[in-house]
Every structure is written in C-alpha cells, then in structure tokens.
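Work through the exercises below with the sequence and the 3D view open. Try each task before reading its solution.

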Amino acid sequence: MSQLRVQKLATTDEEGNWVIAWQRNDRDVGGSGSLQILVSRSADTGQTWSDPLQVHEYPPPYPDPNLGLGPGPHVASNQAGEWLLVWGAGDLFVSWSTDGGVSWSLSAPLGGNAPPGPIEGTSPS
C-alpha cells in the first residue's frame, strides 16, 4: 500500500507556473518496495499537470519506516524559471531545475554521508 506524505504541497513562480513535490512510500510490511521523491509541473495555473518525474529513489536500506522520510520535500522558485527542491531522511538532499521544472538535476546530499541519487527525471514505475 502506498503512503503519501506531503509538506509544502505546491509552489508558484507567480507567472502561472506551479511545481508540486511529494514523497511516495511503496514499502510493504517486510520493508521491500521503494521510497521516491516525485515532482509534477503545471504551466497553466494548475489546470493541467505533467506526468510525475522521479527525482530521487532511496536505495536500501531505507530510512526507519517509523520516522517516514523526514523533512520535505520543500520546493521554492526564484520567479525566473529556476526551482529548488530540498528533502531529507537523516541527510538533506537537493535537486534543482533551470528550465521551469521540466527536468531536474541529479539529487545531491547537503553534507553527511548520503550518496547522490542515481536517477534523473524518470517516470516512476
């Protein structure tokens, strides 16, 4: 069963563009499955949305299931087509977009021992 945890649901650049970010938990009771950070964008004030893009997938072993994925994701815009996404589970990660949220950088840890994310802008399965 998927669990959805949302903080900072959506953000606009005040030009009609919106980005929403969320985390999806597809783990089962035994701990198998996946933990993902996903984004979607709208260029028409939220009337239609892009297919979700997977910005990060946590490799096993996953963060403690009792703790969730930690803070985030939080998304922000500089109103110039650039977006920043931050989230964490023990370590904080960051990804950014310079094309209005169409594509996103590889996730990168903000300190700590977290490895960079292996997935860039792929559709979740």
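The exercises go from the whole chain to single residues, and the model they use is a predicted one.

**Exercise 1. The chain as a whole**

Task: State how many helices and strands the chain has, and what percentage of its residues count as buried.

Solution:
- Step 1. Counting the secondary structure gives 0 helices and 9 strands.
- Step 2. Reading along the sequence gives the pattern β-β-β-β-β-β-β-β-β.
- Step 3. The chain has 125 residues, and 41% of them count as buried.
- Step 4. The area that the chain exposes is about 6,600 Å², with 56% of it supplied by carbon and sulfur atoms.
- Step 5. Take the contacts between residues at least 6 apart in sequence: 40% of these join residues at least 24 apart.

**Exercise 2. The nonpolar core**

Task: Find which residues of the largest nonpolar core touch the most other members, and which strands each supply at least two residues of this core.

Solution:
- Step 1. The largest nonpolar core has 14 residues.
- Step 2. Those touching the most other members are V39, V55, V75, L85, W87 and W104.
- Step 3. At least two residues of this core come from each of β3, β4 (35-42), β5 (53-57) and β7 (83-89).
- Step 4. As a general point, nonpolar side chains in soluble globular proteins tend to be buried together.

**Exercise 3. Strand β5 and its partner**

Task: Decide whether β5 is largely enclosed or largely open, and describe how β4 and β5 are joined.

Solution:
- Step 1. Strand β5 has 5 residues, and 4 of them are buried.
- Step 2. Strand β5 is therefore largely enclosed by the rest of the structure.
- Step 3. Strands β4 and β5 run antiparallel and are joined by 4 bridges.
- Step 4. Opposite I37 stands H56, a residue of β5.
- Step 5. The side chain of H56 also makes a polar contact, at 2.6 Å, with the side chain of S107.
- Step 6. S107 belongs to the loop between β8 and β9, and its relative accessible area of 1% makes S107 buried.

**Exercise 4. An aromatic pair**

Task: Classify the pair formed by the rings of W87 and F93 from the angle between their planes.

Solution:
- Step 1. The structure holds 1 aromatic pair.
- Step 2. In this pair, the ring centres of W87 and F93 are 5.9 Å apart, and the planes meet at 10°.
- Step 3. Planes under 30 degrees apart count as stacked, so the pair of W87 and F93 is stacked.
- Step 4. Both partners are buried: W87 has a relative accessible area of 0%, and F93 has 4%.

**Exercise 5. Positive phi angles**

Task: For E14 and T45, give the phi angle, then say whether each residue is buried or exposed.

Solution:
- Step 1. Most residues other than glycine have a negative phi.
- Step 2. E14 is not a glycine, yet its phi is positive, at about 65°.
- Step 3. T45 is not a glycine either, and its phi is positive at about 60°.
- Step 4. E14 sits in the loop between β2 (10-12) and β3, and T45 sits in the loop between β4 and β5.
- Step 5. The cut-off for exposed is over 50% relative accessible area. E14 is exposed because its relative accessibility is 66%, and T45 is exposed because its relative accessible area is 55%.

**Exercise 6. The surroundings of S42**

Task: Find which backbone atom the side chain of S42 reaches, and which residues S42 touches.

Solution:
- Step 1. S42 is part of strand β4.
- Step 2. With a relative accessibility of 1%, S42 counts as buried.
- Step 3. The side chain of S42 reaches the backbone nitrogen of G46, at 2.8 Å.
- Step 4. Leaving out residues up to four places away in sequence, S42 touches G16, N17, W18, Q47, T48 and W49.

**Exercise 7. Sequence distance and space**

Task: For the pairs I20 with P52 and S105 with L85, compare the separation along the chain with the distance between C-alpha atoms.

Solution:
- Step 1. I20 and P52 are 32 residues apart along the chain, and their C-alpha atoms are separated by 9.4 Å.
- Step 2. I20 lies in strand β3 (residues 18-25) and is buried at 18% relative accessible area.
- Step 3. S105 and L85 are 20 residues apart in sequence, with 9.9 Å from C-alpha to C-alpha.
- Step 4. S105 lies in the loop between β8 (91-97) and β9 (108-109) and is buried, with a relative accessible area of 14%.

Note on methods. Residues are numbered from 1 along each chain as its sequence is written. This is a predicted model: local features need pLDDT of at least 70, side-chain atom pairs count only at pLDDT 80 or more; totals for chains, interfaces and linings use all residues. Side-chain values use heavy atoms; hydrogens and water are left out. Buried means under 20% relative accessible area, exposed over 50%, partly exposed in between (1.4 Å probe, protein chains only). A nonpolar core is a set of buried Ala, Val, Leu, Ile, Met, Phe, Trp, Tyr and Cys residues joined through side-chain atoms within 4.5 Å. Rings of Phe, Tyr and Trp (its six-membered ring) pair if their centres lie within 6.5 Å; planes under 30 degrees apart count as stacked, over 60 as edge-to-face and the rest as tilted. Contact means heavy atoms within 4.5 Å. Accessible areas come from the Shrake-Rupley method with a 1.4 Å probe; for residues, only the protein chains shown count as cover. Two strands pair if DSSP finds at least two bridges between them. A polar contact is a pair of N or O atoms within 3.5 Å; within protein, one must be able to donate a hydrogen and the other to accept it, and residues adjacent in sequence count only if both atoms are side-chain atoms.
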